[in-house]
Number of protein chains: 2
Amino acid sequence: MNQAQDKANESLDPLERQVVDVFVDGVRVLGLPRSIGEIYGLLFISREPLSLDDLVIRLHISKGSASQGLRLLKSLGAVREAAQNGHSERRTYYEPAIELKRLVGGFIREQIRPHLKSGSIKIDRIAKSASQLENPEQRQFLSERIERLNQWMNSGSKVLPILQKLLGQ
Amino acid sequence: MNQAQDKANESLDPLERQVVDVFVDGVRVLGLPRSIGEIYGLLFISREPLSLDDLVIRLHISKGSASQGLRLLKSLGAVREAAQNGHSERRTYYEPAIELKRLVGGFIREQIRPHLKSGSIKIDRIAKSASQLENPEQRQFLSERIERLNQWMNSGSKVLPILQKLLGQ
DNA sequence: AGGATTGTTCAATTGAAAATGAACGGATTC
DNA sequence: GAATCCGTTCATTTTCAATTGAACAATCCT
């Protein structure tokens with residue numbers, strides 16, 4: 001690779017920047033930090049797998065950010081390590097998973113389900129306290145509302161697999 | 001209402017606090033600020049509609065927060081003004097919408113669709129730029145990836161109404 | 001009219017979450 | 001075993017969105 005190319009690749013060209021920004025916006029909706037969007041976005045438009053150092057250089061982010069970002073993206077199943085092309089190469093390269101099914105599945109598994117679960121536990125505790133209230137009308141009212149919360153949780157749990165299935169083509 | 005009750009209502013009792021916290025967690029998953037969760041949560045477990053001042057006093061938040069929070073919740077259709085009980089009362093009172101269908105619908109309409117729309121616009125612009133690239137292989141690759149993005153968008157648009165319908169009982 | 005009450009707006013502040021970067025560990029090569 | 005390379009960790013710093021609160025309507029009451 002010649003010097004001109006090195007120089008060019010030290011930063012994103014305008015087109016790459018635009019695509020990356022789309023992902024930055026996208027992940028913010030999901031409540032994920034911008035670095036996640038930048039990393040995934042750059043992988044998404046790169047023809048070759050990229051190393052951690054590539055990300056650091058081209059996105060101007062720290063090694064720490066890149067490392068943590070890749071860790072999260074791996075846990076989501078949104079990036080995978082690229083198969084090493086034969087000869088001994090220490091550095092690991094990453095490529096994006098681009099099947100929507102996989103991305104949605106990972107997000108649901110890692111970000112949604114844990115919250116649903118911890119929410120259920122908290123609600124159970126609350127239901128227990130509520131059932132011991134003295135005032136019968138207050139107890140009645142709270143029980144109804146807690147029941148409503150449980151309905152929401154159930155609806156959510158039921159819909160998630162359907163959602164995954166629908167997005168699976 | 002006597003002084004003892006006034007005092008008691010100046011803050012949340014432990015049970016109320018627990019419920020409110022569930023909502024605080026809940027809205028954070030959705031990328032909304034904690035005050036939104038607090039306000040909706042308190043309305044959710046209150047037997048009577050509450051005024052802006054009630055929220056300020058009981059949640060220890062500023063009038064500004066309460067006002068802006070209520071505005072967002074109203075735009076989401078998650079909160080509505082309670083019918084005035086007869087005699088002239090200037091203050092407006094709020095009660096929560098507790099039908100999951102309505103809540104999900106509002107969230108999709110206000111928070112999801114706008115992002116999908118602005119995303120589509122950006123992607124169209126990018127597609128235009130990409131189609132003018134010199135290098136044919138680069139152009140080809142980018143076009144494929146952009147096509148993939150469009151597929152995602154379409155899947156999302158198609159799934160949203162289904163989601164609403166599924167949650168509509 | 002003037003004063004009291006209710007709610008909104010927005011510039012300034014705060015705080016929680018993200019990003020940094022130095023230190024570290026492990027693996028590889030010479 | 002020393003030097004180098006690659007990646008992780010985590011205490012500190014930075015950033016940016018949420019919150020505050022004072023000024024400002026708007027409306028009501030007498």
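**Exercise 1.** How far apart do the C-alpha centres of domain 1 and domain 2 of chain A lie?

*Solution.* Start with the ground rules. This is a predicted model, where local features need pLDDT of at least 70, side-chain atom pairs count only at pLDDT 80 or more, and totals for chains, interfaces and linings use all residues. Residues are numbered from 1 along each chain as its sequence is written, with chains lettered from A and ligands numbered from 1 in the order in which they are written.

Step 1: grab the bounds, which come from an automatic or database domain assignment: domain 1 of chain A is 3-96 and domain 2 is 100-166.

Step 2: the two C-alpha centres turn out to be 35 Å apart.

**Exercise 2.** Work out how H2(A) packs on H6(B).

*Solution.* Step 1: identify the helices, which are DSSP runs (H or I, at least four residues) numbered from the N terminus. Here they're H2 of chain A, residues 14-29, and H6 of chain B, residues 100-131.

Step 2: their axes come within 10 Å and cross at roughly 165 degrees (lines fitted to C-alpha atoms over the stretch in contact, with angles from 0 to 180 degrees between N-to-C directions). So H2(A) is roughly antiparallel to H6(B) (angles over 145 degrees).

Step 3: list who touches whom, contact being C-beta atoms, placed from the backbone, within 7 Å. H2(A) brings residues including Leu15(A), Val19(A) and Val22(A), and H6(B) answers with, among them, Ile123(B) and Ile126(B).

**Exercise 3.** Find which helix gives the most to the side of chain A that touches chain B.

*Solution.* Step 1: the contact takes 31 residues from chain A and 31 from chain B.

Step 2: H2, H6 and H7 of chain A each supply at least two residues of that side of chain A.

Step 3: H7(A) gives the most, with 10 residues.

Definitions and conventions. Angles under 35 degrees count as roughly parallel, over 145 as roughly antiparallel, 65 to 115 as roughly perpendicular and the rest as oblique. Two residues are in contact if their C-beta atoms, placed from the backbone, lie within 7 Å.
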